[in-house]
Each structure stands twice: as C-alpha cells, then as structure tokens.
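Please find below some notes for a colleague who is meeting this structure for the first time. They are arranged as numbered points, to be read alongside the sequence and the model.

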Amino acid sequence: MFEEVLRYKVPGVTLPYWDSTLDSNMYSANGHPQDSVLWTGGFYGNGNGFVRDGPFAWQTPYGPLNRNHASGGRLITTQDVNTLFTIQSGGQVAAFLEDIHNSVHNWVGGQMSNIRISPVDPIFFMHHAYIDYLWWQWQMRVGAPRAFEYPPGGSGDHSPNAPLLNIYLGPRYTNADGYSARWANMVSYERSPSCSAGTCNSRFLQCSPGGCASRDMRRPQNARPQQQQFGRKRRSADIPLHVYPDLHKAFNIKPTSKSRDSTTDISPTKSEPVNDNTCFGFSVQNDFRINCKADYNLWAFLPIKVIHLRTTGKVYNSYLVKKGKPDYSCDLYSSANSSSSKINSYIKPQSPSCYKYCPQDESGIFRASIKSFGINYVGYFTDYVILDNRQPIDAKISYIGFRKPTQKASRVFLTVFDHCGRICRPKCLVPGSNPPIYRSCSGLLNINWRSPKFYGNTYQKAVLNYWKFNIESSCPTQREKNVFIVFYCDYKRDWWPWRGSKVRNGSWKYTFYHDHHYQHHVKY
C-alpha cells in the first residue's frame with residue numbers, strides 16, 4: 001500500500017527490500033556488517049551518527065536523521081531464514097518474524113530503534129519489505145489453506161473479526177482479511193541473490209561460506225564488475241537503487257546535503273570516517289530529544305558503574321611458561337590457571353548463551369552498552385563502556401543521560417548488556433551504608449531535584465560529582481558513595497532481571513527503599 005501511495009507522486013517507483021542476511025553473512029567472510037557498502041553515499045549513507053551523505057541526509061521532524069549501527073540487536077541470518085521455513089503454524093511464523101524484525105531495528109539504532117518515530121528512516125520501509133518477502137515466501141511454500149488462515153486464540157483487537165485499525169480502503173477489513181490470499185497474489189518478488197552458480201551477479205556482493213555477502217566498503221578495489229542485480233518488490237518495475245533520490249519528491253523533503261544518484265561510488269566520503277577495526281562500532285550519537293524537543297540542556301547525567309567478570313571459553317596470547325615450556329591450555333589471567341583458584345571461589349566465571357556471533361577481540365576489548373528509557377517522558381539515551389575481558393574482574397564508570405528533574409521527578413529505567421546480548425544485574429545503593437553496600441533492584445529509578453544529588457545537571461558536573469580533585473600535586477580520587485546504581489555482569493545462567501517478582505491482583509509487587517529523592521524498586 002505504501003508503494004502504491006508513492007506512485008501517486010513518482011509513477012513507476014519501486015520499493016526495494018533490504019535482505020540483511022547479505023550483511024550478516026559478512027561475518028563468515030571475516031568482515032563486519034557495519035562495514036558493508038550499504039553504509040556509503042551511493043546507498044543508505046553512513047550508519048554512524050547523523051546521516052551526512054547519500055540520498056537520506058535530511059532533517060526529519062525529530063531532528064537530523066540519526067543511526068548507531070551495530071550498537072545493539074542483530075541482523076537477520078541465513079539460519080533464521082532456514083528456521084522460518086521449517087515452521088508450519090501461521091501464528092508461530094508471525095511471532096518468529098516479529099522477533100527477528102525487532103532485532104534489526106535495534107541494530108540500525110538511532111530513530112530506527114524508537115518505535116514511535118522509526119519510519120522517518122527510509123530503511124524502515126526496505127526492512128519491512130524484506131519481512132513481507134519472507135512472509136510471502138513462507139506462504140508460497142506452505143500453500144493454501146494453512147498459509148492464509150488467521151491464527152487461533154486472538155481476542156479483543158487481535159480477534160479475527162476485529163477491524164484493521166487506521167486502514168481505510170472503502171470496506172472495513174478485519175484482521176482475518178489481512179491473512180487473505182488476495183494480498184499475496186497482488187505482488188511478486190525478485191529472489192534474493194544466491195551463490196548457486198559461483199557468483200552473486202553484483203559487483204557489490206561476493207560469495208562467502210555463508211552465502212552471498214556484501215562487499216566491505218574499506219576494500220572497494222576488490223569489487224569485480226559484474227551484472228548488477230538487486231532484490232526488489234514487483235518484477236514489473238525495473239528501477240535500480242539509485243532512484244532513491246526520487247523519494248525526496250514523494251515525501252516533499254529537502255535533503256540537507258547533495259544526494260548522490262549513482263551506485264558506482266561505494267567509497268566513503270570525507271565526512272564518513274574509515275575505521276580499519278570497527279569490530280565494536282563507533283561512538284554513539286544521541287539525539288537529546290525529550291518528548292518533542294531536542295536540546296542537550298534538557299538532560300542530566302547519572303554516574304553508572306559496570307563491573308564485569310571474565311567469561312569462560314577464550315584463551316589469550318599470554319601463556320604461562322612452566323619448566324621452560326609454554327602452557328597453551330590457559331593464559332596468565334584465566335580461571336584455568338591453578339594459581340587463580342582462590343579468586344575463582346569469589347567470582348565463579350560463567351559462560352551463558354549469547355548471540356550466534358559474539359566477537360572476541362584478541363586484545364581483550366569488551367563492550368557493554370548502557371541504555372536509559374524514560375517512563376514518564378519520551379526520551380532515550382545510549383552509551384557504553386569498554387572493559388578488559390582478559391582480567392578476572394574489571395570495572396568502568398560512565399554517565400547516562402535522563403530528563404533533568406525540575407519541579408517534576410523523572411522516572412527512568414536503566415539497563416546494561418554486553419555486545420553478545422547478555423544482560424547485567426542492577427544493584428542499588430543501600431541508604432546510609434558506609435562503605436557503600438549495593439542490593440539487587442530492578443533498575444527503575446524515580447529521581448527528583450532534592451539533595452543529596454547523585455547526578456549532575458551537565459555531563460561535566462556528573463564527572464566532577466564522582467571524581468574528587470584535591471591539590472594539584474595529588475591524583476584525583478573516586479567518590480564511590482556518589483554512585484547510586486551498579487550493574488554487575490557476572491552472567492549467571494539462571495538469572496533474569498525480574499525473576500522472583502510476584503504479581504498480586506494483576507499488578508507487580510515490589511519492596512521500596514527510599515533515599516530522600518531516589519526510589520528504586522527491589523524484587524522480592
């Protein structure tokens with residue numbers, strides 16, 4: 001339907017789909033999807049920070065178009081697609097597609113990760129077109145009648161006869177109508193590229209052990225001139241990707257920089273930094289938006305401490321030497337080192353499940369993301385810390401943004417997870433404890449302006465609230481008592497943030513600790 005509306009403005013325009021498995025397959029070619037040629041001016045534009053090049057370098061109603069690719073979530077994989085085609089139930093297929101669809105929104109980041117405004121990034125429509133393509137493929141494989149039956153068990157707005165909301169096409173269609181074969185018969189799709197003939201038929205793709213994979217934008221000289229082929233919706237149209245600038249006419253949006261109209265230029269522009277080791281992505285660009293206003297001065301900052309225990313399964317190139325011979329079974333820092341048995345009685349390293357691809361940098365660099373979500377305001381903030389996974393235990397401080405409290409307290413939810421998708425446990429300060437003692441909590445804080453303040457009204461004040469500078473000849477010291485919340489990344493297999501919380505009369509039951517202006521929720 002969106003494609004048909006576009007054609008009222010630009011006749012014949014075709015909405016392509018983004019097959020993100022082509023980018024996730026870069027892992028099998030020893031690459032990283034954030035280095036794909038897609039993130040260049042000839043395609044989507046840069047994926048790190050405000051979009052400065054390509055056809056989508058524009059000002060949205062919510063500020064400049066912004067992305068933070070590879071800072072969370074994951075892309076769809078070939079294994080996901082294979083799993084999809086083994087499912088026989090329409091309800092299970094819908095749930096599976098929803099799950100892998102959500103992860104891509106979070107992987108792109110920026111406005112794409114905000115459910116309220118994600119359509120301002122045109123990637124939204126190309127990503128959803130690919131989800132439609134997978135759904136269509138599944139329907140063609142399963143066939144009638146099962147492929148077009150509405151899943152049983154829905155009630156309320158999800159019942160079969162409930163009207164489709166916000167869709168007015170003359171007759172009022174129902175949810176069950178949305179599964180009708182009439183929609184599948186209206187479209188056809190060009191198949192996604194494959195390596196079956198030893199080539200992917202595009203100089204922007206290469207065959208890899210995982211199938212066709214996008215070329216690395218840092219090595220454009222390796223792209224071979226082959227016939228260009230792109231997956232797109234509706235084979236009746238023959239519009240290549242470089243028609244994207246025409247979408248400016250459809251949206252009546254003026255780009256903030258000159259758009260490129262050729263896909264032959266895949267090298268980064270001067271404004272797009274090239275990083276030969278972007279395993280952990282780029283620095284995060286936040287939009288500093290509170291409700292409908294983007295302004296740094298609306299934000300305050302809270303110190304967050306992240307404590308990380310080394311995970312098992314990785315041996316670093318720092319082997320012990322015993323009686324003149326190297327011991328390759330463990331390294332100086334690892335739990336397998338017999339001299340570490342005492343420390344292991346305290347830290348007990350764990351190795352829980354994680355994303356299928358979890359990069360282990362040989363230097364020991366390990367990244368943990370910190371996110372804040374406004375509860376009584378609309379606003380999100382993301383940051384990260386870099387930890388040393390070689391060490392048995394490591395800790396870092398960061399400062400996370402939230403709405404600056406004025407006459408109204410700010411309620412914010414905080415969470416921390418590592419780049420493998422594993423969640424860390426929040427622990428909040430016990431009021432009056434000295435030295436500081438931390439107990440398990442949910443990460444939901446209610447912050448007001450009263451003293452004592454654990455936050456700073458600017459980033460710099462938050463830093464100075466944690467670090468104490470004495471006389472010039474002395475080193476700065478840390479004020480641990482000014483850290484209200486700590487996230488403990490011990491990666492226990494049986495831990496989940498809200499495990500043990502009880503429900504009574506349909507609402508969550510919590511114990512509350514009060515510290516003048518902080519109120520955090522602690523599970524039973």
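**Notes on helices and a sheet**

1. Of the 20 residues of helix H5, 16 are buried, so this helix is largely enclosed by the rest of the structure; buried means under 20% relative accessible area, with exposed over 50% and partly exposed in between (1.4 Å probe, protein chains only). Helices (H or I, at least four residues) and strands (E, at least two) are DSSP runs, numbered from the N terminus.

2. The model is a predicted one, in which local features need pLDDT of at least 70 and side-chain atom pairs count only at pLDDT 80 or more, while totals for chains, interfaces and linings use all residues. Residues are numbered from 1 along each chain as its sequence is written, and side-chain values use heavy atoms, with hydrogens and water left out.

3. Helix H5 covers residues 123-142 and reaches 29 Å from its first C-alpha to its last, close to the 28 Å expected, where the expected span is 1.5 Å times one less than the number of residues. Just after H5, glycine 143 takes a positive phi of about 80°.

4. Helix H4 (residues 90-108) has an axis that comes within 11 Å of that of H5 and crosses it at roughly 155°; axes are lines fitted to C-alpha atoms, for helices over the stretch in contact, and angles run from 0 to 180 degrees between N-to-C directions. The two helices are therefore roughly antiparallel, a term used for angles over 145 degrees. Their contact (heavy atoms within 4.5 Å) involves residues including Leu97, His101 and Val104 of H4 and His127, Ile131 and Trp135 of H5.

5. An open sheet of five strands follows the order E14-E9-E21-E16-E17, with mixed pairing; two strands pair if DSSP finds at least two bridges between them. Strands E14 (393-403) and E17 (438-440) stand at the edges with a single partner strand each, so one side of each is left without a neighbour in the sheet. From one strand to the next, the twist averages 30°.

6. Within this sheet, strand E16 (residues 425-429) pairs with strand E21 (residues 485-489) in the antiparallel sense over four bridges, and lysine 427 stands opposite valine 486 in E21. Helix H9 (residues 459-466) packs on the sheet, where it touches strands E9 (299-309) and E14, and its direction makes about 140° with that of E14.

7. For the protein chain as a whole, there are nine helices and 25 strands, and buried residues make up 51% of its 524 residues.

Note on methods: Parallel < 35°, antiparallel > 145°, perpendicular 65-115°, else oblique.
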